[in-house]
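Colleague: Could you walk me through this model before I go back to the bench? I would like to ask a few questions as we look at it together.

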Amino acid sequence: MSSEAPATGAATRAPRRDLLSSALARTIGLLGAFLLAGLLGSIIILAYGENPLDVYRIVFEFSFNRPQDIASVLENATPLIFSGLAVAVAFKAGLFNIGVEGQYIVAMAAAAAAALGLSFLPGFLLVPAVLIAAMLGGMVWASVPAVLKVKTGAHEVVTTIMMNGIAISLVAWLILNPMRSTAGQMIDLRTDLLPKKSLIPTIAETLGIESIPGSVYFTWLFPLALVACFLVWVLLFRTRLGYEVRAVGSSSGSAEAGGISTGATQIKIFLISGALAGFVGLNHLLGDKGYLGSNYEILLGFNGITVAFLGRNHPAGIPLAAILIGMLSRGQDGIAVLTDLPTEILIILQGVLILSVVIAYELVSRRITRRRQQEVRAEEEPPSARPAEATA
Amino acid sequence: MPTQRTKWFAVLLVVVALFAAACGGGDPADEEEGSGGGGSESDIKVGIAFDIGGLGDQSFNDAAKRGLDAAIEEGIIAEENTDFLEPNASGSNRDDNVVNLADQGYELVLAIGFAFSPGIDKIAGDYPEQFFGVVDGFAKDVENVTNLGFREEQGSFLVGAAAALKSEAGTIGFLGGQRGTGLIEKFEAGYAAGAQAVNPDIEILVEYIGDSTAAFNDPTKGEALSNSMYDGGADVVYHASGASGAGLFKAAAEQQKWAIGVDSDQSLTASADQQQWILTSMLKRVDTAVHDTIQAVAEDNFTSGFQTFGLEEGGVDYAVNEFNDNDELLSSDIQAELDKYKEQIISGEIEVPTEPEG
């Protein structure tokens, strides 16, 4: 499908122009998708008798009006970046990790256990230990479907979904029995409070920014999430494993023929996916609550699938998609507080947006493919008209 | 290709046109409502953060809404200055809802449920000019937070007296949820005291479902223990066991013996065959607590710390409704007796214990 034709003068310039114009086409397609989603959303909002522009304005104002609103959006985005990355790296190898949900739930329990069990460590050792425990928790939970996939061929979609159910029950049991706090004697089901030195402070607290109140948990995990994006990019596009992953993802048969062990690659990348999933619940656990309670935040893993999809499984697209979803969920707060609309309206909007993005990507990539085919065909014909076009 | 481009353009045009149409659609007319009401309305804004279940739970959340509605009706606050938020299914955004209401400048944010307490501890300090109230709360005692508690033992005394007055066997039962926290023991102590005030020789069977919070959600065990108390001779059983109480009502209907509900008027939500066996319920009047707290803030009279709502404050009561207000269940004789006890408790003549004897 490559358009890189014989090494004529025109062809050396063509790829860059191609890249630019296809990026442009993708941007236009994406904008169109947003417009379409906004429009369909408007119809639904109108059906409820509210003004769609008011609703969209509320979403924007609630997301960007004040520093603390932006911080809230980024707080929402933090776990989604990790879960988006976890889904995306597996997807690059052609694996569908639906189990991020269960992996992060187990990882939260592992992190809480480490924070409580290793509380004798000084803070600068305890925090890394807790992070490693979370990664290990996610990896252990991911290893089961990974091994089952490679050894028995059991499909990872089925096994990861089942592992999610087991994770929820396991952690419920842990909170009810061995990890249950004796201090919270009432109906307040939780672990002991984690030692303060194991918690991750908010950026505002560290830098002394007073305009952001302490109840906005925009923590140092956000920059860490961006670092994770960069590392995933390096892994996928600058390492041998990344190359193998992408090869297995695009065609496991030819990867195998080319000397890559499909099974080993899939297990490795699934473990990396699980390690990334380990970070998903940490903003909730170490930034916000400071203990693991029976009503921890759920669905972050499933939302990661949305984020990975909207971000095109690319480590640069994922943070943007996560911020977008973070904005929509911040917008839900605004709609709940300021209008009589059901907040589900933004969940519908999110669904509509995903559908429109699918359509837009499809239209744009068809158009790009078609144009490339035409260009290839044109190049094969007498190249008389080329120079004029190439300078354009 | 021109056709392709034209198509895109057409789509874009339609989008823009529809968008414009959408903008014209909204009407400012829906702003004008609730301008009636009393003349002396305070302009404070009151927000309520519901717990799981939200509106329509026929329990705490609905009761809180009734308290808010009463305050609006009495002209204490204006309807357009109120708002309420429901949490998601897991309740993980409880704190977010409280923050959002406080952030919008609601002078009083009421959180309906003890589970809000740890969150309020963290949030209240960020909004020192605003007030927070937590129903059944155990939040820290700071200047702008009040925990709204109830004197469950007083309400339990009344239903204990009702049980003794109704009982023909001279034996009644108590089904508790979680043992050992002192919370449910308060219900037991009041119930026993009320029954003994009527009949000092009455036998009281006591069963607890368990030692963990799971005891509040185990209808199967609730049913088994209720059956064993009915089999042991009790003909009235009162429960303080949350969702496990469903088992009591099932057993009562099967054994054709009487049961007493807790927290809200449970005969209103029971099935018809159970309804005829629910003698009454011990009411925690969340609506009263909500109403009174709103009034206090409106009158610039907020009390921080821990407030308890007993019989005197109208915070607890026994339930009378269309289903039990008859001779089959809560006869007028019994009601007259109960009202006498009520007065004696309010006047201080009777002091209800909060811990069971022995």
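Modeller: Happy to. pLDDT is the predictor's confidence in each residue, from 0 to 100. Keep in mind as we go that this is a predicted model.

Colleague: Good to know. What is the mean pLDDT of chain B?

Modeller: In chain B, 89% of the residues reach a pLDDT of 70 or more. For the model as a whole, the scores are ipTM 0.75 and pTM 0.79. The mean pLDDT of chain B is 88.

Colleague: Over which residues of chain B does pLDDT stay under 50?

Modeller: There is one such stretch to point out, and the model has 18 contacts for it beyond four places in sequence. In chain B, the stretch is residues 20-39.

Colleague: Turning to chain A, what is its radius of gyration?

Modeller: Chain A has 16 helices and 0 strands, and its C-alpha atoms fill a box of roughly 85 × 60 × 40 Å along the principal axes. A compact globule of 392 residues would have a radius of gyration near 21 Å, and the value for chain A agrees with that. The radius of gyration of chain A is 24 Å.

Colleague: And how much of chain A is buried?

Modeller: A residue counts as buried if 20 or more other C-beta atoms lie within 10 Å of its own. Among contacts in chain A with a separation of 6 or more, 74% are between residues 24 or more positions apart. Of the 392 residues in chain A, the buried share is 45%.

Colleague: Which helix gives the largest share of the largest nonpolar core?

Modeller: In soluble globular proteins, nonpolar side chains tend to be buried together. Here the largest nonpolar core has 209 residues, and those touching the most other members are Leu85(A), Ala111(A), Ala111(B), Ala162(B) and Val237(B). The largest share, 13 residues, comes from residues 67-92 of chain A, which is helix α3.

Colleague: Which residues does Ala111(A) touch, not counting those up to four places away in sequence?

Modeller: Ala111(A) is one of the core residues that touch the most other members. Beyond its sequence neighbours, Ala111(A) touches Val130(A), Ala133(A), Ala134(A), Gly137(A), Leu282(A) and Leu285(A).

Colleague: Now chain B. Which helix makes a β-α-β unit with β8(B) and β9(B)?

Modeller: Strand β8 (residues 236-240) runs parallel to β9(B), joined by 3 bridges, and Tyr238(B) stands opposite Ile260(B). On β9(B), 5 of the 6 residues are buried, and 5 bridges join this strand to the parallel β10(B). The right-handed unit of β8(B) and β9(B) is completed by residues 245-255, helix α8 of chain B.

Colleague: Which residues of β2(B) point the other way from Thr82(B) and Phe84(B)?

Modeller: In a regular strand the side chains alternate between the two faces of the sheet. Strand β2(B) pairs with β1(B) in the parallel sense over 4 bridges, with Val46(B) partnered by Thr82(B). Thr82(B) and Phe84(B) point one way and two buried residues the other: Asp83(B) and Leu85(B).

Colleague: One last residue: is Ile294(B) buried or exposed?

Modeller: Ile294(B) is found in helix α10 of chain B, and its contacts beyond four places in sequence are Val46(B), Ala71(B), Ile76(B), Ile77(B) and Leu108(B). Its C-alpha atom is separated by 7.8 Å from that of Leu68(B), 226 residues apart along the chain. Because 27 other C-beta atoms lie within 10 Å, Ile294(B) is buried.

How values were computed: Residues are numbered from 1 along each chain as its sequence is written. Chains are lettered from A and ligands numbered from 1 in the order in which they are written. This is a predicted model: local features need pLDDT of at least 70, side-chain atom pairs count only at pLDDT 80 or more; totals for chains, interfaces and linings use all residues. The radius of gyration is taken over C-alpha atoms; the globule rule is 2.2 Å times the number of residues to the power 0.38. A residue is buried if 20 or more other C-beta atoms lie within 10 Å of its own, exposed if 12 or fewer, and partly exposed in between; C-beta atoms are placed from the backbone. Two residues are in contact if their C-beta atoms, placed from the backbone, lie within 7 Å. Two strands pair if DSSP finds at least two bridges between them. A crossover is right-handed if, with the strands pointing away from the viewer, the path from the first strand over the helix to the second runs clockwise. A nonpolar core is a set of buried Ala, Val, Leu, Ile, Met, Phe, Trp, Tyr and Cys residues joined through C-beta atoms within 7 Å.
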